[in-house]
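This report covers a ligand and its surroundings, then the packing of a pair of helices. Please keep the sequence and structure in view while reading.

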Amino acid sequence: MPEQTAWERSGGLASMSLYERIRTQSAEVGIMGLGYVGLTEAIEFARSGFRVTGFDVDVNRIQHIRAGRSYLVDISDGDLGGTVESGKLRATDDFSLLKEMDVVLIAVPTPLSKTKAPDLSYIINAVEAIRPRLREGQLIILESTTYPGTTTEVVLPALEAAGLKAGSDFHLCFSPERINPGDKEYSPGRIPRIVGGVTRACADVAAELYGWVSPKVVVVSSPQAAEMVKLLENTFRAVNIGLVNEVALMCRSLGVDVWEIIDAAATKPFGFMPFYPGPGLGGHCIPIDPLYLSWKARVHGFEPRFIDLATQVNNAMPRFVVSILVEVLNQRERSLKGSMILLLGASYKRDVNDARESPALEIISELWKRGAKVSYHDPYVPTLEVEGRSIHSQVLDDRILKAADCVLIVTDHGCIDYSRVAELAATVIDTRNATRSVRQYGEKVVKL
Ligand SMILES: NC(=O)c1ccc[n+]([C@@H]2O[C@H](COP(=O)([O-])OP(=O)(O)OC[C@H]3O[C@@H](n4cnc5c(N)ncnc54)[C@H](O)[C@@H]3O)[C@@H](O)[C@H]2O)c1
């Protein structure tokens with residue numbers, strides 16, 4: 001007879017009591033990684049009634065949380081401070097406290113390496129911090145976006161090296177985080193969750209947990225399936241943005257306005273979903289996640305053509321924007337070298353403070369290479385690191401607008417008066433259709 005596991009010997013009580021603790025919200029919830037995903041989720045679970053402990057290696061972030069100073073645009077100081085003061089949320093770099101947690105969610109970064117391969121080092125470090133503190137009955141959930149197989153091929157063996165078995169001694173799941181920073185309509189509490197467990201019992205206990213912070217929990221057959229769901233979602237976005245970016249280039253050469261075309265096509269009530277062109281992809285998801293999928297597909301001998309094509313088109317956009325700038329200055333008998341270029345917006349998308357992978361970075365570095373004088377304004381991004389240099393957001397006053405040879409709208413933040421920009425600037429290149437409602441000065445605005 002096979003040897004009984006500790007969980008079986010206890011008659012499944014460890015699992016039942018965890019289920020019960022989740023049902024009564026007496027379970028201790030730990031979250032590793034207090035970034036866009038982890039801190040948002042920490043607030044959600046704490047607000048719903050759980051006691052939450054956030055773990056991070058970044059001491060600066062821990063101090064911010066303890067002082068009630070938020071570093072995310074979607075979380076106000078008041079909300080963060082109130083949650084900390086209520087005693088429902090604490091932040092720490094003391095990983096020995098992981099032992100006290102009933103549930104541990106892992107929300108650490110999943111970037112690409114220099115060779116564009118998945119860099120799982122943050123996940124591996126987080127799992128190594130959990131392993132010596134792993135105990136029976138705990139629920140561990142990986143939430144970081146990653147390739148299918150990470151949970152069972154990387155996380156599971158690393159945790160089982162502690163001598164406990166996933167699915168019987170402890171629960172192990174993958175559940176992708178689907179938050180959309182800056183989205184006022186779909187706040188985290190309105191987004192359904194996907195869960196895949198090493199066993200059905202693992203998924204069920206995770207579903208009970210997420211039921212507290214989500215309107216719907218969809219259980220899929222395995223962690224691989226849940227990992228793949230997230231990559232399908234983000235690859236769908238990257239490929240459609242690639243398509244619409246190509247259509248934008250096509251429309252330019254055909255002399256039609258791509259924004260008018262998309263708005264008109266979007267009136268079709270079925271079979272069409274609008275995506276919009278722009279100066280390039282950014283953020284920690286859309287430029288990266290499809291490459292996790294294509295990497296894994298290649299390991300299995302499959303050549304993913306759509307992802308590669310979309311990546312090529314999307315990656316070419318920042319340089320294409322610079323080529324429009326050269327064209328516009330040329331018409332005014334100016335060279336890019338020596339011209340003053342003012343970028344409006346540095347974050348990768350509207351109304352967020354995240355400049356990771358932002359197309360602004362490549363555009364600025366390309367402009368520097370060609371001898372332009374570059375400044376930028378972004379109320380959400382006070383400082384920007386480009387090629388090892390720190391540059392600072394400038395005040396958007398009349399002087400700076402008038403002094404620029406060209407204003408380049410990279411991000412369409414809602415708080416900027418684009419009519420004033422068009423009035424005072426010599427020329428505007430608008431990569432986001434931010435000037436759509438500017439009636440006057442249309443002759444000064446060149447759209448993507
Ligand atoms: N940002 C988004 O909109 C978004 C949306 C959905 C999914 N995701 C995915 O969620 C994951 C996290 O993304 P993010 O944007 O929150 O990243 P982030 O960089 O904002 O935050 C990650 C945090 O993890 C911390 N960290 C690193 N190693 C750690 C360790 N060993 N232990 C504890 N903390 C550690 C970092 O210091 C940082 O504070 C990624 O896989 C990302 O693809 C992000």
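Which atom of the ligand does a polar side-chain atom of Thr110 lie 2.6 Å from? In this predicted model, the partner of the Thr110 side chain is an oxygen atom of the ligand. The ligand has 830 Å² of accessible area on its own, and the protein covers 93% of that area.

Two other side chains also place an N or O atom at a short listed distance from a ligand oxygen atom, as the table shows for Asp56 and Arg61.

| Side chain | Ligand atom | Distance |
|---|---|---|
| Asp56 (N or O atom) | oxygen | 2.6 Å |
| Arg61 (N or O atom) | oxygen | 2.8 Å |
| Thr110 (polar atom) | oxygen | 2.6 Å |

The shell around the ligand holds 28 residues, and those that come nearest are Val37, Asp56, Arg61, Thr110 and Arg356. Sorted by class, this shell comprises 15 nonpolar, seven polar and six charged residues. At least two shell residues come from each of helix H3 (36–48) and helix H6 (121–130). Helix H6 makes the biggest contribution to the shell, with three residues.

The next topic is the helix pair. Helix H9, residues 223–254, and helix H12, residues 305–331, have axes that come within 8 Å of each other. These axes cross at roughly 40°. An angle between 35 and 65 degrees counts as oblique, and H9 and H12 are therefore oblique to each other. The handedness of the H9 and H12 crossing is left-handed.

Methods
Residues numbered from 1 in each chain as written. Predicted model: local features only at pLDDT ≥ 70, side-chain atom pairs only at ≥ 80, totals over all residues. Heavy atoms only, no water. Near = heavy atom within 4 Å. Polar contact = N/O pair within 3.5 Å; in protein donor to acceptor, adjacent residues only side chain to side chain. Areas by Shrake-Rupley, 256 points an atom, 1.4 Å probe, with all protein chains shown as cover. Helix = DSSP H or I, 4+ residues; strand = E, 2+ residues; numbered from the N terminus. Nonpolar A, V, L, I, M, F, W, Y, C, P; charged D, E, K, R; others polar. Axes fitted to C-alpha atoms, helices over the stretch in contact; angles between N-to-C directions. Parallel < 35°, antiparallel > 145°, perpendicular 65-115°, else oblique. Left-handed = near helix turned anticlockwise from the far one by under 90°.
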